[in-house]
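Student: I am new to this structure and should be grateful for a close look at a single part of it. Could you please take the aromatic rings as the point of departure and proceed from there to the strands and the core?

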Amino acid sequence: VQLQASGGGLVQAGGSLRLSCQASGSIGSINFKGWYRQAPGKQRELVADILSGGSTNFADSVKDRFTISRDNAKNTMYLQMNSLKPEDTAVYYCNAHIRRVGVATYYDYWGQGTLVTVSS
């Protein structure tokens, strides 16, 4: 089982990006948890999470600019980022709990990270 984050890149301030997090492999069940980011010299922080019922939470710094969603049929979670600011520059990681086929336990998985760079 793998969790692949993609969609990062270089964008000017005020621009938009959409990150994707796709799970692949022998997946029995998946609970997407959320997106985190880590800026240079800083600790990893929660950007947005999504609960099993669909409710969402956002860091104050990204409220009203970012949205989080998932497509269970595609085993994919998204982070739509609008009105990007230079301070959004970071490596973005996705997180999910996945139960592999034939296994009863959920395990914690992280995507490899995708770099978002916002120029001023």
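Tutor: In this predicted model, the count of aromatic pairs comes to one, by the rule that ring centres lie within 6.5 Å. Rings also take part in another kind of arrangement, in which a charge sits over a ring. The charged end of Arg44 lies over the ring of Tyr93, at 3.8 Å from the ring centre. The charged end of Arg44 also sits over the ring of Trp110, here 4.9 Å from the centre.

Trp110 leads to the surroundings of Leu3. Leaving aside residues up to four places away in sequence, Leu3 touches a set of residues that includes Phe32, Tyr109 and Trp110. Cys21, Gln22 and Ala23 are also among the contacts of Leu3, as are Cys94, Asn95, Ala96 and Ile98. Leu3 belongs to the largest nonpolar core, which has 31 residues. Leu3, Trp35, Leu79, Met81 and Tyr92 are the residues with the most contacts inside this core. Several strands give two or more residues to the core, among them S1, S3, S8 and S11. Strand S9 gives the most, with five residues. In soluble globular proteins, nonpolar side chains tend to be buried together.

The strands that supply the core can now be placed. S1, S3, S8 and S7 form, in that order, an open sheet with antiparallel pairing. Its edges are S1 (2-6) and S7 (66-71), each of which pairs on one side only. On average, neighbouring strands of this sheet are turned by 15° against each other, direction ignored. S1 and S3 (residues 17-24) are joined antiparallel over five bridges, and Gln4 has Gln22 in S3 as its bridge partner.

S11, another contributor to the core, pairs with two strands in opposite senses. With S2 (residues 9-12), S11 pairs in the parallel sense over four bridges, and Leu10 is bridged to Thr117 of S11. With S9 (residues 90-100), the pairing of S11 is antiparallel and runs over three bridges; Val91 stands opposite Leu115.

What do the side chains do along S11? They alternate: Thr114, Val116 and Val118 point to one face and are buried, whereas Leu115, Thr117 and Ser119 point to the other face and are not buried. In a regular strand, the side chains alternate between the two faces of the sheet. Thr117 and Leu115, the residues of S11 named above as partners of Leu10 and Val91, thus both point to the face that is not buried.

Key:
Residues numbered from 1 in each chain as written. Predicted model: local features only at pLDDT ≥ 70, side-chain atom pairs only at ≥ 80, totals over all residues. Heavy atoms only, no water. Buried < 20%, exposed > 50% of the residue type's maximum accessible area, 1.4 Å probe, protein only. Pairing = 2+ DSSP bridges. Axes fitted to C-alpha atoms, helices over the stretch in contact; angles between N-to-C directions. Core = buried A, V, L, I, M, F, W, Y, C linked by side-chain atoms within 4.5 Å. Contact = heavy atoms within 4.5 Å. Phe/Tyr/Trp six-rings, centres within 6.5 Å; stacked < 30°, edge-to-face > 60°. Lys NZ or Arg CZ within 6 Å of the ring centre and 35° of its normal.
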